[in-house]
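Here's a quick tour for anyone meeting this protein model for the first time. Have a look at the structure below, then read on.

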Amino acid sequence: MAAAKTAKTNPRLLAQQVVDKLELDGIVNTIEIAGPGFINLKMAPEYLSHRLTEALRLGDLGLARVSQEAQQRVVIDYSSPNLAKEMHVGHLRSTIIGDALARVFRFAGHEVIAQNHVGDWGTQFGMLTAYLDDGEQSGTASMDLADLEVFYKSAKKRFDEDQDFANRAREYVVKLQGGDPHVGASWKRFLEISMHHCEEIYRALGVGLTRADVHGESAYNDDLPVVVADLKARGLSTTSEGAQVVFLDDFANNKGEPAAYIVQKQDGGYLYSTTDLAAMRYRVGTLKADRILYVVDARQQLHFQQLFSLSRRAGYCPPEVQLEHVGFGVVLGDDGKPFKTRSGDTVKLADLLSEATSRAFDLVTAKTPDTPEPERRAIAKAVSIGAVKYFDLSKNRSTDYVFDWDSMLSFEGNTAPYLQYAYTRVRGVLRRAGEWDQAAAISIIDPAERQLALHLTRFYEAIHTVVREAMPSYLCTYLYELSASLMRFYEACPILNATEQVRGSRLQLCRLTADTLRTGLGLLGIEVLETM
Ligand code: ARG
């Protein structure tokens, strides 16, 4: 209808012209023009069967991988916690969303380079390494470091109360920056311990980030003066109140004053922004990225907009490289405020995950008390991690959400337990079928069969939409609707008691649905179970 307006013609007439040119023999059975100019196409059942048979035969679920030419090298910056403290729920979102995106992009045929841009530099590390040194001398360090949050707080308390210590902490910063071997070694020990805490979380979550993916802020230290000198040489930055600043006209306030992007402070120190410029040069120049995704809290939106704008202007990122801030909202508590513990502290991820598992264990035990305990533990683990991840991934990532145990662990609705249960159920049907012909022909007759079949052919569409929009929720919605179609199919179509030919066809549909559910959930980083 919009096209007809542009072409100044009647929409039905235009629809007819489109239909005359369509070549859909063998794909579509009927084509009709309806209403003011809609074109209704009805897919041929034989074509549907053919698509599904091919998907089973090739074992690729009907997914067309991207062609060699369309393949991109995608840098994904995710997780990126600050190593001074324990990871918190904000980093949970980045880690889960980034991990799902990395999996989907790879599956679609792209090359992914993960970048864990950890915060491992800055003045707080002077305080922390000084405190670590003291603790090591008195033999209390290893105990304190069991909990980085506690360690940080004690160090901070000492810093605020003890003048000598505060001075020494400041000295440590200078020494660290100057490459002092003793302070450098303590700093590395501290990072090692902190990184180890993160890795425990990654392991618990089943996230594949490794040391090889870590490229933290400190990795850019040597390049920071180079970046600042370069900006000056290009005439982009100016000295303003002793600091080096780039004025961004495209971010002017309502008085027309440009925004100030500070790259070097008055005291010579560099900032988060400077590091991100250096990281941009590395990702474009060395890693040769075609597309860079920053999976970071939406509250940093302005930072990224300014970073992208300046990087283009300075020539650090050519126009053909795509830059995206994959922003996400805040995790909220029942009170609608950022998620905190009862005492008002930030919620540590390690505690959150163990609570998830114990809640899931209680649920599983209530449901199936006779299942042997080790099995119930295994189910609880898959269900709890799946539930936490899926609850996050299924939301439109840019909005905030309220953390709610009961909804995420529910076996009904758009949740991981529901999908995991749908999977075990369809696997159960396949098991009970015993020996059957895995090459049985598929024929689509019943409307419920047709709906399931249509949905199955759209898997590739879900995958490529996630790739295009960097939005894992599309895959969640797809899988949820697939499970719903499966349930309707069970209700309408007897499987195991059907005649030989129909039985074979329906089992094939079950097989493809099971494979699609397993693969799809796997791409979200969620495990499936044979029984639960
Ligand atoms: N460490 C930062 C934080 O916790 C996130 C870093 C994101 N990546 C980046 N290139 N700025 O807020």
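Which helix and which strand each supply at least two residues of the shell around the ligand? They are α11 (272-286) and β8 (291-297); helices (H or I, at least four residues) and strands (E, at least two) are DSSP runs, numbered from the N terminus.

Before going further, a word on the model. It's predicted, so local features need pLDDT of at least 70 and side-chain atom pairs count only at pLDDT 80 or more, while totals for chains, interfaces and linings use all residues. Residues are numbered from 1 along each chain as its sequence is written.

Around the ligand (C-beta atom, placed from the backbone, within 6 Å of it) you'll find Asp77, Ser80, Pro81, Asn82, His117, Gly119, Asp276, Ala279, Tyr294 and Val296.

Now for two helices that meet. The axes (lines fitted to C-alpha atoms over the stretch in contact, with angles from 0 to 180 degrees between N-to-C directions) of α8 and α9 come within 8 Å and cross at roughly 100 degrees. That makes α8 roughly perpendicular to α9 (65 to 115 degrees). Here's who touches whom, with contact meaning C-beta atoms, placed from the backbone, within 7 Å:

| Helix | Span | Residues in the contact |
|---|---|---|
| α8 | residues 163-177 | Tyr172, Lys175 and Leu176 |
| α9 | residues 181-205 | Val183, Gly184 and Trp187 |

Finally, Leu101: not counting residues up to four places away in sequence, Leu101 touches Ile76, Leu293, Val295, Ala470 and Pro472.

Notes
Parallel < 35°, antiparallel > 145°, perpendicular 65-115°, else oblique. Contact = placed C-beta atoms within 7 Å.
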